[in-house]
Amino acid sequence: MTQSPPTDDLVAAFQIEGWPVRGRIARLGDSIHEVLTRHDYPEPVANLLGEACALAALVGSSLKFEGRLIVQAQGDGPVRYVVCDYDTSGQFRGYCRFDADAVAAVSQGFARPGARTLLGDGLFIMTVDQGGDMDRYQGITKIEGETLALCAEQYFDQSEQTPTRIRLAVGQVDSGQGPTWRAGGIMIQNIASDDARGSTEDAWFRAQALFQTTGEDELVDPTIPADTLLWRLFNEDGVRVFEPLALKAFCRCSSERIATVIESFSEEEKADMVEDDGKIRVTCEYCSRTYALDPTA
């Protein structure tokens, strides 16, 4: 039986027909709802983490090898750091560390606080991990603007010298069974000029003008499939959407990994961890699962 391609929780590459412009689109439904509801995140913090996850899917799915992309931002603001760990198989996990009172204090205005307000002065980091004995590659830029999309655009401009536009959206949608979190993202990149294709400047200018018409509501609307949204944007010339990759929330934690970490502590430190029932309990900061381990095992 032929398996139907996913219509949600996916990331897909696309190409505007005849244009020197490539892109990717991501739509996250159940997967991002699972990540954002594992902790009691205030709305602005959940929005920031949702952006990080959508961004990681867009960029991580373009890697040409099996490995991981880690999207991270850290600063001196109410949110100390936000991180999304994306596996090239389409699995991802994410987490935010924040000061609830400080987040509430900067959320008093009419506008929802964004990346710069929440993170303060800090750094935006993308780390490529090819696994095994391969060296990690890390790109770092300052946090600029109120969305992680702006941070990523600056990263590509500085580190890759690739003109890039990104739009991210996060929100809650009620389809009749209560509000659920959704996230979406779209990215376009200019293919550099060369002798064969000539100047690509005019096509890139036109692509950006069409890209700008993308609405945040369209990126999170479950009734608008990814290919339909792309057709709305680029129907004059046509757009080719390649086979999508399914996205899924996951976590790397396990009792074996936790035990390995505990073994690195001294006997005195391990003794201090033991609770009244004789167990050592450790809660994963990503998925909130608690492990109860026997210290003598």
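Here is a chat between a student and a tutor about the structure above.

Student: What kind of model is this, and from which number are residues counted along each chain?

Tutor: It's a predicted model, where local features need pLDDT of at least 70, side-chain atom pairs count only at pLDDT 80 or more, and totals for chains, interfaces and linings use all residues. Side-chain values use heavy atoms, with hydrogens and water left out, and residues are numbered along each chain as its sequence is written, starting from 1.

Student: How many helices and strands does the protein chain have?

Tutor: Helices (H or I, at least four residues) and strands (E, at least two) are DSSP runs, numbered from the N terminus. Going by that, the protein chain has 14 strands, and its helices number ten.

Student: Why is the chain called as compact as a globular protein of its length?

Tutor: We use the radius of gyration, taken over C-alpha atoms, and a globule rule of 2.2 Å times the number of residues to the power 0.38. For 297 residues the rule gives 19 Å, and the protein chain is close to that, so it is as compact as a globular protein of that length, with a radius of gyration of 21 Å.

Student: What share of the residues count as buried?

Tutor: Buried means under 20% relative accessible area, exposed over 50%, and partly exposed in between (1.4 Å probe, protein chains only). Of the 297 residues in the protein chain, the buried share is 48%.

Student: Which helix gives the most to the largest nonpolar core?

Tutor: A nonpolar core is a set of buried Ala, Val, Leu, Ile, Met, Phe, Trp, Tyr and Cys residues joined through side-chain atoms within 4.5 Å. The largest one here has 63 residues, and L28, L55 and L119 are among those with the most contacts inside it. Twelve residues of this core come from one helix, the one that gives the most: α2 (residues 43–60).

Student: Which residues are in the second, separate core?

Tutor: In soluble globular proteins, nonpolar side chains tend to be buried together. The second core here has 22 residues, and they include W204, A226, L233 and F234.

Student: Is T164 buried or exposed?

Tutor: T164 lies in strand β8 (residues 164–174). Contact means heavy atoms within 4.5 Å, and beyond four places away in sequence, T164 touches E153, F156, M187, I188, Q189 and W204. Its relative accessible area is 7%, so T164 is buried.

Student: Which side chain makes a polar contact with the side chain of T164?

Tutor: A polar contact is a pair of N or O atoms within 3.5 Å; within protein, one must be able to donate a hydrogen and the other to accept it, and residues adjacent in sequence count only if both atoms are side-chain atoms. A polar atom of the T164 side chain lies 2.8 Å from the backbone oxygen of T162. The side-chain partner, at 3.2 Å, is Q189.

Student: How many salt bridges does the count come to?

Tutor: Side chains of opposite charge can pair when their charged atoms come close. A salt bridge is a side-chain nitrogen of Lys or Arg within 4 Å of a carboxyl oxygen of Asp or Glu. By this rule the count is 19.

Student: How many residues apart in sequence are the parts that E17 and R240 tie together?

Tutor: The side chains of E17 and R240 meet in a salt bridge, 3.2 Å from N to O. E17 lies in the loop between β1 (10–16) and β2 (21–28), and R240 in strand β10 (residues 239–241), so the pair ties together parts whose separation in sequence is 223 residues.

Student: What else is R240 in contact with?

Tutor: R240 counts as partly exposed, at 42% relative accessibility. The C-alpha atoms of R240 and I16 are 6.3 Å apart, though the two are 224 residues apart in sequence. Leaving aside neighbours within four places in sequence, the contacts of R240 are E17, A13, F14 and Q15.

Student: Which residue forms a salt bridge with E267?

Tutor: The two partners both lie in helix α10 (residues 267–273), three residues apart, about one turn of the helix. E267 counts as exposed at 60% relative accessibility, while its partner counts as buried at 18%. The closest N and O atoms are 3.1 Å apart, and the partner is K270.
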